[in-house]
Amino acid sequence: MNANRHETSGPTRTQQITLRGPAELADALPFMLGFHPTDSVVLVALHGEHGRFGGRVRLGIPGSPREWASTADHLAECLVEGGARAGARPDGIVVFLCQDPAPGETGRRVMERLRPFAQRLRIACGALDIPVYEALCISDGLYFSYCCPDARCCPPDGTPLALSGTTVMAATAAYAGVRVRGSLRDMEARLKPTGGPGEEGQRAALDAAAASLVPRILEDPEGQERTETRERTLSLAREILRRFVNPKTPKTSKAPQIPKTSQPPKTPPTPQSPQIPQTLKDPKTPSHPSHPSNPTGPTIPGRALTDTAEGAATDAADDALITSEEAAALILGLQDRITRDRAAEWMEGWEGTAALRLWRVLARRCVAPYQEYAAAPLTLVGWTAWSTGDEPTARVALGLALAADPEYVFAQLLHQACNEGLDPESLRSCLRSERDARTAPEQPSPTSSRRVRMRASRRQGARPALGRAGRQTGARDRRAVAGVRPGGPATGRPGGGSPQHGGQRGTRSGR
């Protein structure tokens, strides 16, 4: 997730379990977030007498210690203000600092180096009259407590994290269907260029597509050429969606026309992953019975088994199904706001599953100097993941989209809605109405057309939000037409312009 944009989430009301002590707190963190938060500071709110877990914020650890004081104040204010807006001001806070050691560094050295940051966080929370009940550093498969002075339970050299799949939290999460998708670094890697030998060919294809498509869009903002480019882009994307479902379909540079009467293949939608709140109770409370899962393969302390390897294999197979020319045409075509909004309608069922794979491929194909163009496919990754119930992936993708283009309005709106725990069904309903209204003239039944018009009329209040989503502000509005972002090599000669580095945003993010 973009380290300069905090992500938040509110309390949930599902099954509760009891955690006791720093060890179980450290074990529960990946299950709360859905991934291992590498290079992150996480604050979790506690509510009530028994310390019920509530909202939480995550941010990349700033690389410069000079930023620690302002970051600590910002995080504490965000968590407390977010809880107050939800009607539940925190009664306490738990702090986690997660960072892997640098080469030649030990976990204890990481803990000592981050100790001033932990102290600043405790001071910032105390200034808001909220105590920090525990502050943990997790590094190198160990956890360290900044608050417990008892060396018998929290030795200065750290305590090993529990083996994956052997704790109450792991058993409960497995029973509830909650998955840990790997580390934050692993999730981001699936959405960034791999740096392989094919980058040069993809860069050449993007240069050629930019020289061909961008003038059509910019010089003919509402004319026939732009409309034709939009339809060709969507037709190619539809053909690739079906190619993902049926990989035997041959790759082509030009998408064939697909009959509108054909039935989509039936594949199950992506399952939703519920969140599990935890409760801190008195240590005398009887423990719950544990039924550890039986993972296969090697286990690493503190790292639950994930589908990281399976995801990498899937990504490689998906990459092989799309040519460089096809990827370039789609990336450039999606810079048009209306094209992107229509592509966002593939959000459910087999279309949502295939579209998520397609948007991931396109994000990985945005090689230098086209990193800024990744904002569109990354935002579609975030939207499709959120729509299909995968909130951790949605937050990571939307954060990367904002790292690529901080002014990308659609990503800003989705990032805020996802973090505030809103229901994506309201936006899904708007997109369905858009699609129905657009296809209404093709419906032969007068009754059906009347029904579509009624549904579209009820949606009038939501249209401006999507209309603003791809439009840039300030100077970007003056240089862009109808949501097309010509920054980078597309504005000049093919391959010209300076690289627009995405993902890294200076020392503030640390990652």
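# Salt bridges, cores and loops in a predicted model

User: In this predicted model, which residue forms a salt bridge with arginine 340?
Analyst: A salt bridge requires a side-chain nitrogen of Lys or Arg within 4 Å of a carboxyl oxygen of Asp or Glu. For arginine 340, the closest N and O atoms of the pair are 2.6 Å apart. The partner that meets this condition is aspartate 341.

User: Is aspartate 341 buried or exposed?
Analyst: A residue counts as buried when its relative accessible area is under 20%. Its partner arginine 340 has a value of 0%, so arginine 340 is buried. Aspartate 341 has a relative accessibility of 7%, and therefore it also counts as buried.

User: How many salt bridges does the structure hold?
Analyst: The pair of arginine 340 and aspartate 341 is one salt bridge. Another joins aspartate 319 with arginine 364. For the structure, the number of salt bridges is 24.

User: How many residues apart in sequence are the parts that aspartate 157 and arginine 108 tie together?
Analyst: Aspartate 157 and arginine 108 form a salt bridge whose closest N and O atoms are 2.6 Å apart. Arginine 108 belongs to helix H3 (residues 107-127), whereas aspartate 157 belongs to the loop between strand S7 (142-145) and strand S8 (159-160). Arginine 108 is partly exposed, because its relative accessibility is 36%. The pair therefore ties together parts of the chain whose separation in sequence, in residues, is 49.

User: In which helix does arginine 364, the partner of aspartate 319, lie?
Analyst: Aspartate 319 and arginine 364 form a salt bridge with their closest N and O atoms 3.2 Å apart. Arginine 364 counts as buried, because its relative accessibility is 6%. The two residues are 45 positions apart, with aspartate 319 in helix H8 (residues 308-320) and arginine 364 in helix H11.

User: Which residues do salt bridges with shared partners join into one network?
Analyst: The salt bridge between aspartate 319 and arginine 364 supplies two of the members. Shared partners extend the network to four residues, namely Arg190, Asp315, Asp319 and Arg364.

User: Which helix gives the most residues to the largest nonpolar core?
Analyst: The largest nonpolar core has 84 residues, and those with the most contacts inside it are Phe96, Leu332, Leu358 and Trp359. The helix in question spans residues 349-364 and contributes 9 residues to this core. That helix is H11.

User: How many residues are in the second, separate core?
Analyst: The largest core, by comparison, has 84 residues. The second core is separate from it and includes Leu59, Cys78, Val80 and Ile130. Its number of residues is 31.

User: At about what angle do helix H13 and helix H14 pack?
Analyst: Helix H13 covers residues 391-404 and helix H14 covers residues 409-419, with their axes 9 Å apart. Their crossing is left-handed. Among the residues that make the contact are Leu398 and Leu402 of H13 and Leu414 and Cys418 of H14. The angle between the two helices is about 145 degrees.

User: How far apart in space are arginine 242 and alanine 355, C-alpha to C-alpha?
Analyst: Arginine 242 is part of helix H7 (residues 224-245). Arginine 242 is partly exposed, because its relative accessible area is 25%. In sequence, arginine 242 and alanine 355 are 113 residues apart, yet in space their C-alpha distance is 9.7 Å.

User: Which residue does a cis peptide bond join to alanine 368?
Analyst: Most peptide bonds are trans. Here, however, omega is about 5 degrees, and the bond is cis. The residue that follows alanine 368 across this bond is located in the loop between H11 and helix H12 (375-387). That residue is proline 369.

User: Is aspartate 129 buried, partly exposed or exposed?
Analyst: Most residues other than glycine have a negative phi. Aspartate 129 nevertheless has a positive phi of about 65 degrees, and it is located in the loop between H3 and strand S6 (132-139). A relative accessible area over 50% defines the exposed class. Aspartate 129 has a value of 68% and is therefore exposed.

User: About what value of phi does aspartate 140 have?
Analyst: Aspartate 140 is located in the loop between S6 and S7. Aspartate 140 is partly exposed, because its relative accessible area is 48%. Although aspartate 140 is not a glycine, its phi is positive, at about 60 degrees.

Key
Residues numbered from 1 in each chain as written. Predicted model: local features only at pLDDT ≥ 70, side-chain atom pairs only at ≥ 80, totals over all residues. Heavy atoms only, no water. Core = buried A, V, L, I, M, F, W, Y, C linked by side-chain atoms within 4.5 Å. Buried < 20%, exposed > 50% of the residue type's maximum accessible area, 1.4 Å probe, protein only. Helix = DSSP H or I, 4+ residues; strand = E, 2+ residues; numbered from the N terminus. Axes fitted to C-alpha atoms, helices over the stretch in contact; angles between N-to-C directions. Left-handed = near helix turned anticlockwise from the far one by under 90°. Contact = heavy atoms within 4.5 Å.
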